Amino acid sequence: MRLATWNVNSLRARMGWVEEWLRTREPDVLLMQETKLPDEDFPVAEFAALGYESAHHGNGRWNGVAIVSRVGIDDVRPGFHDDEGPPEECRLLSANCGGIRVFSVYVPNGRTVESEHYVAKLDWLSRLQTELAETCAPLADIALCGDFNVAPADSDVWDITQFAGMTHVTAAERAAVGELLDWGLVDALRVLHPDGPGPFSWWDYRAGAFHKGWGMRIDLALVSRSLAGRLTEVAIDREARKVFGPNKPSDHAPVVVDLDFEPV
DNA sequence: ATGGTAGAGCATCTA
């Protein structure tokens, strides 16, 4: 089974490239973030034409998360299980796909450590931990994947000295991700590629950051231990961050997870 | 000269 996660930075702008990428890389399940679409505009028919069933959770111009699957998609849950009414921002979507409980995750950007948005980011991560604890068992087959806006270790940024006093690398943010790991998840990429620096999953559009290697690994695939033992490859597709003719890249590259796991 | 880009959408906001 092949799972992938990709912050597409507008599905409207990226759909042609996403379709081409699906045809080439053939994931069984693709989790997307930042679709920037309301539900009614999600291209269900286009994904169906490629053999994928869809679920989407979005309400407007920003955020928006999706799951497309060619191994079934059941028990779809938009947002947190204890949400009261529709959320202001759509950043979480979970479903059962081929026997794995998958979560498409888009953690809020903290902007600056002094900002109210930073506090909200930590609160949201805490709520994600609660969601996991209250809706899943640690021994189940779980994949919690997406844009966490946290670089888990210094080796996950191109130059840690450039990040003094910045979000994405603070002890509190890393501790919040650490709680997900303590509960029973594993950072899949580091199982097979324990040594950094890199690979990175995000590069700023500005200042030629991609070509200078100024990246960060903030897109994570966190899998339960049962799946961690079945990993055959985990890779970040940095080729997808390059420009391909008419296709303009997202600022994020997809993370691709291969498992010795038969979809059920 | 405190710089740069992309996407939403039409003035800025988000990242």
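Which helix and which strand each supply at least two residues of the lining of the largest pocket? I began the notebook with this point and found that α3 (116–135) and β11 (215–216) each do so. I note at the outset that the model is predicted.

**Entry 1. The largest pocket**

I looked up the volume and recorded about 1200 Å³ of space in the largest pocket. I then turned to its lining, which consists of 47 residues. Pro108, Asn109, Arg111, Asn149 and His168 are those that lie nearest the centre of the pocket. Helix α3 gives the largest share of the lining, with six residues. Sorted by class, the lining holds 18 nonpolar, 15 polar and 14 charged residues. As a reminder to myself, empty space is revealed by rolling a probe the size of a water molecule over the atoms.

**Entry 2. The surface around DNA strand B**

I next listed the residues around DNA strand B and obtained 15. Ser10, Arg14, Arg61, Arg91 and Arg111 come nearest to the strand. On the DNA side, I noted that 72% of the atoms of strand B that come within 4 Å of the protein belong to sugar and phosphate. Arg111 thus appears in two of my entries: it is among the residues nearest the centre of the largest pocket, and it is also among those that come nearest to DNA strand B.

I looked for individual contacts to phosphate oxygens of DNA strand B and wrote down the following.

- A polar side-chain atom of Arg14 lies 3.1 Å from a phosphate oxygen of strand B.
- For Arg91, the distance from a side-chain N or O atom to a phosphate oxygen of strand B is 3.2 Å.
- For Lys248, a polar side-chain atom is 3.3 Å from a phosphate oxygen of strand B.

Which helix provides the largest share of the surface near DNA strand B? I found that helix α1 (residues 11–25) does, with three residues. The classes of this surface are seven charged, five nonpolar and three polar residues.

**Entry 3. The sheet containing β1**

I traced an open sheet of six strands with mixed pairing, in the order β3-β4-β2-β1-β14-β13. Its edges are β3 (53–57) and β13 (231–236); each has a single partner strand, so one side of each lacks a neighbour in the sheet. From one strand to the next, the twist averages 10°. Within this sheet I examined β1 (residues 2–7) and β2 (residues 29–33), which pair in the parallel sense over five bridges. Leu3 stands opposite Val29 of β2.

**Entry 4. The sheet containing β8**

I found another open sheet of six strands, again with mixed pairing, ordered β5-β6-β7-β8-β12-β9. Here β5 (74–78) and β9 (185–187) are at the edges, and each has a single partner strand, so one side of each is left without a neighbour in the sheet. Neighbouring strands of this sheet are turned against each other by 20° on average, direction ignored. I followed β8 (residues 142–147) and β12 (residues 219–224), which run antiparallel and are joined by five bridges. Cys145 has Ala221 in β12 as its bridge partner.

**Entry 5. Backbone geometry**

I checked the backbone against the general expectation that most peptide bonds are trans and that most residues other than glycine have a negative phi. The bond from Gly196 to Pro197 is cis, with omega near -5°. The bond from Gly198 to Pro199 is also cis, with omega near 0°. I placed Pro197 in the loop between α5 (188–192) and β10 (202–203), and Pro199 likewise lies in the loop between α5 and β10. Asn9 has a positive phi, near 50°, and belongs to the loop between β1 and α1.

Technical notes
Residues numbered from 1 in each chain as written. Chains lettered and ligands numbered in written order. Predicted model: local features only at pLDDT ≥ 70, side-chain atom pairs only at ≥ 80, totals over all residues. Heavy atoms only, no water. 1 Å grid on protein atoms, 1.4 Å probe; cavity = no way out; pocket = protein on both sides within 12 Å on 5 of 7 lines; lining within 4 Å. Points joined across faces, edges and corners; volume = space filled by probe spheres on them. Helix = DSSP H or I, 4+ residues; strand = E, 2+ residues; numbered from the N terminus. Nonpolar A, V, L, I, M, F, W, Y, C, P; charged D, E, K, R; others polar. Pairing = 2+ DSSP bridges. Axes fitted to C-alpha atoms, helices over the stretch in contact; angles between N-to-C directions. Near = heavy atom within 4 Å. Polar contact = N/O pair within 3.5 Å; in protein donor to acceptor, adjacent residues only side chain to side chain.
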